[in-house]
Structures are given as structure tokens and as C-alpha cells.
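Let's take a walk through this fold, starting with the overall layout and ending at a single turn. Keep the viewer open as you read.

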Amino acid sequence: MVIGNALSVGLLGLKAFTIQLQAFISSGLPGFSIIGLPDTSLSEARERVKSAYTSLRCEWPETRLTVNLSPASMPKSGASYDLAIAASILSARGIIPLNELENTIILGELNLDGSVLPIQGMLPICLYAKQKNITKMIIPYENFSEAKLI
């Protein structure tokens, strides 16, 4: 049993908090669940991630897939976690080594074709990352000029 991991950052107003994503691939009927208090747009990540995955000719796991966003008590909204969800799945499958994503924040909305769209709130997220001594971030290219201000 391998559990894939990734990190992201959530925002409540301008207050940022760390989100740990864990992907678990288990036997059983094929399914894809996202748990941990997602809103509707985040629940739609299932379709965006799966479509992007197959558009990029990656083999989708035909088994049970569960992605947990922790802490479950904090509300999570928007599509900015799509790329981190995809990375946690790739980590669970062994395509990305487990230690490769340690201490790395991943943000970005996925298009159905696999391209990555920019997100809102990059400045408070980067300030939070700096405060937490996180030096690696995977972000959309369109957000780079804003992120490098920090």
C-alpha cells in the first residue's frame, strides 16, 4: 500500500493555511473520491484531473482512488488544488518518487487538455510559504511574475 503525498495552500480571506493531500489507490470498483470538506468547484476537480490525465496520454488507474485534503475541518474552495491532486495521484502510482514532493507547494487549475491555468491569491500564498521556510513551489507560469515579488 502506497499513499501519495503533495502539499498545497488554502486561503480563508487573506489567511493562508497548509493543505496536505494524500492519494490512496485501493482495490475495488473503479471510482474517484475527494474528501476533506471540498466545495462544489473542488469536487469538480475529479473531472478536470481525470480529463487532463487522459489528454496527456497517462494511463488512468482503473481501480478505487481516494484523495484526502487535510485538515478536513478547514473549508476548501476553487480549482487551485487540481495540480496538487494530480501530483498526489502520480506519487501514489510511483511515477513521482514519494520524497520528490516533500516541502513543495503545488498550485494550479487544470484545463481538460492538461494545460495549467493561473490562480488567484498568489501573493498571500507566497508570503505564507516564505514564513514557513518553504523554498519550492510548483505554480502556473502566468503567476510567476507575481510570485517572484516575494
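What pattern does the chain follow, read along the sequence? In this predicted model, the order is β-β-β-α-α-β-α-β-β-β-α-β-α. Count the elements up and you get 5 helices and 8 strands. With a radius of gyration of 14 Å, close to the 15 Å that the globule rule gives for 150 residues, the chain is as compact as a globular protein of that length. Lay a box along the principal axes and the C-alpha atoms fill roughly 45 × 30 × 30 Å.

Now for what's inside and what's outside. Of the 150 residues, 43% are buried, meaning under 20% relative accessible area. The chain exposes about 7,900 Å², and 55% of that comes from carbon and sulfur atoms. As for charge, there are 12 positive and 12 negative ones, and their mean positions sit 6 Å apart.

How do the contacts spread along the sequence? Take those between residues at least 6 apart: 71% of them join residues at least 24 apart.

Finally, zoom in on the start of the chain. Strand β1 covers residues 3-12 and strand β2 covers residues 15-26; the two run antiparallel, joined by 10 bridges. One pairing to look for is Leu11, whose bridge partner in β2 is Ala16. The hairpin has 2 residues between its strands, and there Gly13 takes a positive phi near 70°. While you're looking at strands, remember that in a regular one the side chains alternate between the two faces of the sheet.

Terms used. Residues are numbered from 1 along each chain as its sequence is written. This is a predicted model: local features need pLDDT of at least 70, side-chain atom pairs count only at pLDDT 80 or more; totals for chains, interfaces and linings use all residues. Side-chain values use heavy atoms; hydrogens and water are left out. Helices (H or I, at least four residues) and strands (E, at least two) are DSSP runs, numbered from the N terminus. The radius of gyration is taken over C-alpha atoms; the globule rule is 2.2 Å times the number of residues to the power 0.38. Buried means under 20% relative accessible area, exposed over 50%, partly exposed in between (1.4 Å probe, protein chains only). Contact means heavy atoms within 4.5 Å. Accessible areas come from the Shrake-Rupley method with a 1.4 Å probe; for residues, only the protein chains shown count as cover. Lys and Arg count as positive and Asp and Glu as negative; His and the chain ends are not counted. The place of a charge is taken as NZ of Lys, CZ of Arg, CG of Asp or CD of Glu. Two strands pair if DSSP finds at least two bridges between them.
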